[in-house]
Amino acid sequence: MTNHIEYIAVGASTGDILFRGKDDTSLIRQINQRFPLPIRGVPRGALLPEPIWLYAIDPVTGQRI
């Protein structure tokens, strides 16, 4: 049995899980698709509603890595 690390993006003020990914690249891709990064300070779409924290979670213990 292999342990697959889960990657999550959590709202800094609410603690809600906003995104989940199987790896860090897919997590960042999801965030960028929903909230594209600004170009030269000009927003290209919706802005993140709050700051986020990115975590890797051990699926066995549920602890942050």
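## A walk through the strands, the helix and the core

Let's start with a hairpin: strands E1 and E2 form one, with 5 residues between them. In that turn sits Gly15, whose phi is positive, at about 80 degrees. Please keep in mind as you turn the structure around that this is a predicted model.

The two arms of the hairpin, E1 and E2, run antiparallel to each other and pair over 4 bridges. If you would like a landmark for this pairing, take Ile8, whose bridge partner in E2 is Arg20. E1 also has a pairing with E3: these strands are antiparallel too, and 6 bridges join them. Here a handy landmark is Tyr7, which has Ala56 as its bridge partner in E3.

Tyr7 is worth a pause. This residue belongs to strand E1, and its relative accessibility is 21%, so Tyr7 counts as partly exposed; the cut-off for buried is under 20%. Leaving out residues up to four places away in sequence, Tyr7 touches Phe19, Arg20, Gly21, Lys22, Asp23, Asp24, Leu27, Tyr55 and Ala56. You can also use Tyr7 to get your bearings towards Thr25: the two are 18 residues apart in sequence, and their C-alpha atoms are 9.5 Å apart in space.

Thr25 brings us to helix H1. The N-terminal end of H1 is capped by Asp23, which places a side-chain oxygen 3.3 Å from the backbone nitrogen of Thr25. Which residues of H1 are buried? They are Ser26, Leu27 and Ile31. Looking down the axis of H1, you will find these buried residues within an arc of 140 degrees, so they line one face of the helix. Strands E1, E2 and E3 are among what covers them.

Leu27 shows how that covering looks from one side chain's neighbourhood. Not counting residues up to four places away in sequence, Leu27 touches Tyr7, Ile8, Ala9, Phe19, Arg20, Gly21 and Leu54. Leu27 is also a member of the largest nonpolar core, a group of 5 residues that it shares with Ala9, Phe19, Ile31 and Phe35.

Two members of that core bring us to the aromatic rings. The model has 1 aromatic pair. It is formed by Phe19 and Phe35, whose ring centres are 6.3 Å apart and whose planes stand at 90 degrees, so the pair is edge-to-face. Phe19 lies in strand E2 (residues 17–21), while Phe35 is in the loop between helix H1 (24–34) and strand E3 (52–57), so the pair ties together parts that are 16 residues apart in sequence. Are these two residues buried or exposed? Both Phe19 and Phe35 are buried.

Now follow the chain to strand E3, where you will find Leu54. Leu54 has a relative accessible area of 45% and is partly exposed. Setting aside its neighbours within four places in sequence, Leu54 is in contact with Ile8, Ala9, Leu27, Ile28 and Ile31. Leu54 and Ala9 are 45 residues apart along the chain, yet 4.5 Å separates their C-alpha atoms.

Finally, have a look at the loop between H1 and E3, beyond the Phe35 we have already met. Arg40 has its place in this loop. Although Arg40 is not a glycine, its phi is positive, at about 55 degrees. With a relative accessibility of 83%, Arg40 counts as exposed. Leu47 is found in the loop between H1 and E3 as well, and this leucine is exposed, with a relative accessible area of 54%. To place Leu47 against strand E1 (6–11), look across to Val10: their C-alpha atoms are separated by 15 Å, and the two residues are 37 residues apart along the chain.

Terms used
Residues are numbered from 1 along each chain as its sequence is written. This is a predicted model: local features need pLDDT of at least 70, side-chain atom pairs count only at pLDDT 80 or more; totals for chains, interfaces and linings use all residues. Side-chain values use heavy atoms; hydrogens and water are left out. Rings of Phe, Tyr and Trp (its six-membered ring) pair if their centres lie within 6.5 Å; planes under 30 degrees apart count as stacked, over 60 as edge-to-face and the rest as tilted. Buried means under 20% relative accessible area, exposed over 50%, partly exposed in between (1.4 Å probe, protein chains only). A nonpolar core is a set of buried Ala, Val, Leu, Ile, Met, Phe, Trp, Tyr and Cys residues joined through side-chain atoms within 4.5 Å. Contact means heavy atoms within 4.5 Å. The arc is that of the directions from the helix axis to the C-beta atoms. A polar contact is a pair of N or O atoms within 3.5 Å; within protein, one must be able to donate a hydrogen and the other to accept it, and residues adjacent in sequence count only if both atoms are side-chain atoms. Two strands pair if DSSP finds at least two bridges between them.
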